[in-house]
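Here is a short guided tour to read with the sequence and the 3D view side by side. Take your time and find each part as it comes up.

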Amino acid sequence: MTGTSVLKRLALITAVLFAVLLTVLSLPARPAGADDDDESAGAKFSAEAAATFNKRCTACHTFGKGVKVGPDLKDVTKRRDRPWLHKFIRGSSSVIASGDSVATKLFAEFRQQRMPDWVDLSEKQVDDILDYLAMSGPDIKPADERNAELATAADVDHGRKLFLGETALKYGSEACITCHAVEGAGLRNGSLGPNLTDAYERYQDLALTAFLRKPCFRWQRGSADHYLTAKESFAIKAFLRDRSVHHGAGSNTGSHTPVSAQVIPGNQKRGNQ
Ligand code: HEC
Ligand code: HEC
C-alpha cells in the first residue's frame with residue numbers, strides 16, 4: 001500500500017468513525033412513515049406511535065430498563081386497564097386529584113416530577129401507543145438494523161434490483177447505479193459517486209445502516225424522511241455485503257451465482273415480490 005492510499009484509508013476510517021458516533025450512538029428513530037410497509041416480528045407496527053413514544057415519553061420513561069423520572073412502562077398494559085391508562089395519560093392531574101388509589105400511590109412515589117397531561121393526543125394516538133407498548137414495540141428493531149449477515153439470497157437479489165433500478169424505490173429516490181459503480185454491474189455503472197464494491201467492508205454493518213438513512217448526496221431526489229424504507233435499506237445493505245464478500249474472497253465461495261450471470265439483462269427471474 002502506498003503512502004497516499006494509507007492516508008486516504010485513514011481519512012476514510014476517521015470519517016466513518018464520525019458517522020458512527022454522530023448517528024449510531026444516538027440511534028435516531030427511523031422517521032415516521034419510513035417503516036410503513038414493515039411488519040416486525042409478525043405484529044403490525046405503528047411507526048407513528050413509535051415516533052410519538054420516542055419524542056414525548058422516553059425523556060421520563062424507559063421500557064424494561066428501570067425507573068427513570070417516571071415508572072418503567074414495560075408491562076404497564078398488563079398491570080393497568082385500558083380505560084384507566086387513557087384517563088391517566090391524557091389527564092393524570094385530574095386522576096390524582098380524584099383520589100384514585102393507584103394514581104395517589106404513584107404520585108407519592110414519584111413526587112419529584114409530575115407527568116404532563118397529554119391533552120393534545122387523541123384517543124386513537126393513545127391507543128396506538130398502548131398497542132405499541134403491549135407488543136414490546138421499543139424492543140423491536142427496525143428492519144434495517146438487522147445485520148446483513150442474516151440476509152437470505154432473496155434479500156440480496158431484491159437489493160440488487162433496487163440498486164440497479166430494476167425495481168423502483170418506494171419513495172421515488174434515484175437508483176444507486178445512476179451515480180455509483182459496483183463490481184458486476186456491467187456498463188451501467190455511474191461515476192459521480194464512489195465505487196461501492198467494498199463499501200460494506202469499509203463501513204461495516206452499523207455505520208452503513210446509519211448512512212443509508214439519509215440520501216448520500218444532496219442533489220439526490222428523495223428527502224431525509226422519505227428516502228429508503230427500512231426493508232429497502234436492509235436489502236441494499238445485503239447486496240453491498242454480497243458484493244464485498246465476493247470481492248474480498250475472490251468469488252471462490254461457490255455458493256453464489258457468478259456476478260456476470262446475475263446482471264445480464266433478461267437473464268433473471270422476475271416477479272414474486
Ligand atoms: C416529564 C416526565 C414525563 C413524561 C414526558 C411522561 N411521563 Fe408518564 N409518568 C411520569 C411520572 C412522574 C409518572 C408517575 C405519576 C406521576 O407522578 O404523575 C408517570 C406515570 C405514567 C404512567 C403510569 C405508570 C404506571 O405504572 O401505572 C403511564 C402509563 C405513563 N406515565 C405514560 C406516559 C406516556 C404514554 C408518555 C408519553 C406520551 C409519558 N408518560 C410521558 C412522568 C412523565
Ligand atoms: C445522484 C447521485 C447519487 C445517487 C443516486 C446515490 N448516490 Fe451514493 N453517493 C453519491 C456521491 C456524490 C457520494 C460521495 C459523497 C461525498 O463524498 O460527500 C456518495 C456516497 C455514497 C456512499 C459512501 C461511499 C464511500 O466510499 O464512502 C455510499 C455507501 C452510498 N453513496 C450509497 C448509495 C446507495 C446505496 C444509493 C442508492 C440507494 C446511492 N448511494 C445513491 C451520489 C449518489
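## A helix and its ends

Just after helix α4, Gly-99 adopts a positive phi of about 85°. Keep in mind that you are looking at a predicted model.

Now move to the other end of this helix. Asp-81 caps the N-terminal end of α4, with a side-chain oxygen 2.9 Å from the backbone nitrogen of Trp-84.

## A bend in the middle

How far does α4 span between its end C-alpha atoms? Helix α4 covers residues 82-97, and a straight helix of 16 residues would span 22 Å, but α4 spans only 19 Å. Look along the helix and you will find a kink of about 115°, centred on Gly-91.

Gly-91 is also one of the buried residues of α4. Others among them are Trp-84, Leu-85, Phe-88 and Ile-89, as well as Val-95 and Ile-96. What do the buried residues of α4 pack against? Their partners are three other helices: α3 (76-79), α5 (101-109) and α6 (123-134).

## The iron of ligand 1

Which residues coordinate the iron atom of ligand 1? His-61 does so through NE2 and Met-115 through SD, at 2.0 to 2.1 Å. These two link distant parts of the chain, 54 residues apart: His-61 sits in the loop between α2 (47-56) and α3, and Met-115 in the loop between α5 and α6.

Six donor atoms surround the iron atom of ligand 1, and because their angles run from 87 to 179°, the arrangement is octahedral. Are the two residues buried or exposed? His-61 has a relative accessible area of 12%, so it counts as buried. Met-115, with 23%, is partly exposed.

## The iron of ligand 2

Now turn to the iron atom of ligand 2, which is coordinated by His-180 through NE2 and Cys-216 through SG, at 1.9 to 2.1 Å. His-180 belongs to the loop between α7 (153-164) and α8 (199-203), while Cys-216 belongs to the loop between α9 (205-211) and α10 (230-249), so the pair ties together parts that are 36 residues apart in sequence.

The site of this iron atom of ligand 2 is octahedral, with angles of 88 to 178° among its six donor atoms. His-180 is buried, at a relative accessible area of 10%. Cys-216 has a relative accessibility of 37%, so it counts as partly exposed.

Technical notes: Residues are numbered from 1 along each chain as its sequence is written. Chains are lettered from A and ligands numbered from 1 in the order in which they are written. This is a predicted model: local features need pLDDT of at least 70, side-chain atom pairs count only at pLDDT 80 or more; totals for chains, interfaces and linings use all residues. Side-chain values use heavy atoms; hydrogens and water are left out. Donors are N, O and S atoms within 2.8 Å of the metal (3.2 Å for Na, K and Ca); water is not among the atoms, so sites may look incomplete. Four donors count as tetrahedral if all angles lie between 85 and 135 degrees; four count as square planar and six as octahedral if opposite donors are over 155 degrees apart and all others between 65 and 115; anything else is irregular. Helices (H or I, at least four residues) and strands (E, at least two) are DSSP runs, numbered from the N terminus. Buried means under 20% relative accessible area, exposed over 50%, partly exposed in between (1.4 Å probe, protein chains only). The expected span of a helix is 1.5 Å times one less than its number of residues. The bend at a residue is the angle between axes fitted to the seven residues ending there and the seven starting there. Contact means heavy atoms within 4.5 Å. A polar contact is a pair of N or O atoms within 3.5 Å; within protein, one must be able to donate a hydrogen and the other to accept it, and residues adjacent in sequence count only if both atoms are side-chain atoms.
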